[in-house]
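Colleague: I would like to learn how to read helix packing and internal space in a model, taking each general idea before its particular case. Could we work through one example together?

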Amino acid sequence: MAGRFVPRTTAVPPRQAAGTDASAPHTRTWTPPWPLDLRLVLSPLRRGPADPCFRALPDGTFWRATRTPAGPGTLRVSGSRDGGVSAAAWGPGAQWLLDRLPALLGADDTPEDFRPRHRLVAAAQHRRPGLRLLRTGLVMESLIPSILEQKVTTDEAYRAWRLLVRTHGTPAPGPEDAAFGAYGLHVMPDARTWSMIPSWEWHRAGVDSKRSDTVLRAVRVARRMEEAASMELPDAMARLQLIPGIGPWTAAETLQRSNGAADAVTVGDYHLPGIVGHALAGNRHAGDEEMLELLTPYEGQRHRATRLILLSGHVPARRAPRMTPGDIARL
């Protein structure tokens, strides 16, 4: 979807760091023709409160550091009262990020195709007209943290991602700014660097050999994995699952972000079936099979339906203790 593109440079002091681009930012403004809630749209990219690749500031500004086909890039996005979006980008990947800003913010999404079949879902959709499904166009940046999240608590996965990216990634291009915090934004490692991380570094980050081996298998064919970003959902799911250790859960979690896949329902999740079962049928003990049956009326939009259910707040009360985090780094 076309938007207003305003290339210019501004007098922002560049962030000087090894391997970063020191040029002033490119900028773009874009006004979507529909309501847009930046927090709702961009929040799936955040891997924990201390994600080294993502910052959400109290003033409604969002920072994102990533590795594009053109190289590392940092994107800053903020909204305005008139509904417009202002963006600035630094680094070799700056123009790539700005060119794809509308897609990132949901321009390729089709919420008008969604028809609520339950009152709870309809109410959640009505309360959040600014919800759009983002599309990054980048597979590996979502695939690797999704692999790290397999079969562990979110805290363990976030810690592993944080340690590995800060240790083996590169400082993000951009200004010296409070948004970078005490540690600074980082761009995740490239495929070659991931493949060279020694086993004891994975161990120190709390990543077992099953997950680290899956990451290593994926980065060896990173280009083939990235091709999934332009595939239809069934083909993209099949492409990712060619890698041993990547199943439907990991593939869906990745493609929801990289492809904006509205039907990529997360199967195999520990909590989601019970949440969907509780919301739509009053059954907190539902499994994957019942969840998929309940979501049948939303075929083609099942991921959107689950997001709206989660946003409704209608989740079952916790009865069992939380899953106990492991710590293989102490072994």
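**Helix packing and internal space**

Modeller: Let us start with a contact, bearing in mind that this is a predicted model: Glu-141, Ile-144, Pro-145 and Leu-148 in H5 meet Ala-157, Ala-160, Trp-161 and Leu-164 in H6. By class, the residues of this contact of H5 with H6 comprise 7 nonpolar, no polar and 1 charged.

Colleague: Which angle and which distance describe how H5 and H6 cross?

Modeller: Two packed helices are described by the angle between their axes and the distance between the axes. For H5 and helix H6 (residues 154-168), the axes come within 8 Å and cross at roughly 130°, and H5 and H6 are therefore oblique to each other. The crossing of H5 and H6 is right-handed.

Colleague: How do H5 and H9 compare with the oblique and antiparallel classes, and at what angle do their axes cross?

Modeller: The axes of H5 and helix H9 (residues 209-220) cross at roughly 160° and come within 9 Å, and because angles over 145 degrees count as roughly antiparallel, H5 and H9 are placed in that class. The crossing of H5 and H9 is right-handed.

Colleague: Which residues of H5 and H9 meet?

Modeller: On the H5 side they are Met-140, Leu-143, Ile-144, Ile-147 and Leu-148, and these meet Arg-211, Thr-214, Val-215, Ala-218 and Val-219 in H9. Sorted by class, the residues of the contact of H5 with H9 give 8 nonpolar, 1 polar and 1 charged.

Colleague: And H12, at what angle does that helix pack with H5?

Modeller: Helix H12 (residues 248-258) and H5 pack at an angle of about 145°, with their axes 9 Å apart, and the crossing of H5 and H12 is right-handed. In this contact Ser-142, Leu-143, Ser-146 and Ile-147 in H5 meet Trp-249, Thr-250, Glu-253, Thr-254 and Arg-257 in H12, and the residues divide into 3 nonpolar, 4 polar and 2 charged.

Colleague: Let us turn to empty space; how many cavities of 30 Å³ or more does the structure hold?

Modeller: Rolling a probe the size of a water molecule over the atoms shows where empty space is left. In this structure there are 3 cavities of 30 Å³ or more, and the largest cavity has a volume of about 160 Å³. Of the 14 residues that line the largest cavity, those closest to its centre are Leu-45, Cys-53, Ala-65, Glu-141 and Trp-161; Glu-141 in H5 and Trp-161 in H6 also belong to the contact with which we began.

Colleague: Which elements give two or more residues to the lining of the largest cavity, and how does that lining divide by class?

Modeller: The elements are strand E3 (61-68) and helix H5 (140-148), and by class the lining of the largest cavity has 7 nonpolar, 2 polar and 5 charged residues.

Colleague: How much space lies in the second largest pocket?

Modeller: The second largest pocket holds about 500 Å³ of space, and of the 22 residues that line this pocket, Arg-67, Thr-68, Met-140, Ala-222 and Glu-226 are the closest to its centre. Two or more lining residues come from each of E3, H5, helix H7 (191-195), H9 and helix H10 (222-226). The lining of the second largest pocket divides by class into 12 nonpolar, 2 polar and 8 charged residues.

Colleague: As a last case, where is Pro-316 placed, and which residues does Pro-316 touch beyond four places away in sequence?

Modeller: Pro-316 lies in the segment after helix H15 (302-312), and, when residues up to four places away in sequence are not counted, Pro-316 touches Gly-274, Ile-275, His-278 and Arg-284. The C-alpha atoms of Pro-316 and Ala-279 are separated by 8.1 Å, although the two residues are 37 residues apart along the chain.

Notes: Residues are numbered from 1 along each chain as its sequence is written. This is a predicted model: local features need pLDDT of at least 70, side-chain atom pairs count only at pLDDT 80 or more; totals for chains, interfaces and linings use all residues. Side-chain values use heavy atoms; hydrogens and water are left out. On a 1 Å grid over the protein atoms alone, a cavity is a set of points where a 1.4 Å probe fits but cannot get out, and a pocket is an open set with protein on both sides within 12 Å along at least five of seven lines; lining residues have an atom within 4 Å of a point. Grid points are joined across faces, edges and corners, and a volume is the space filled by probe spheres set on the points. Ala, Val, Leu, Ile, Met, Phe, Trp, Tyr, Cys and Pro count as nonpolar, Asp, Glu, Lys and Arg as charged, and the others, Gly among them, as polar. Axes are lines fitted to C-alpha atoms, for helices over the stretch in contact, and angles run from 0 to 180 degrees between N-to-C directions. Angles under 35 degrees count as roughly parallel, over 145 as roughly antiparallel, 65 to 115 as roughly perpendicular and the rest as oblique. A crossing is left-handed if the near helix is turned anticlockwise from the far one by less than a right angle, and right-handed if clockwise. Contact means heavy atoms within 4.5 Å.
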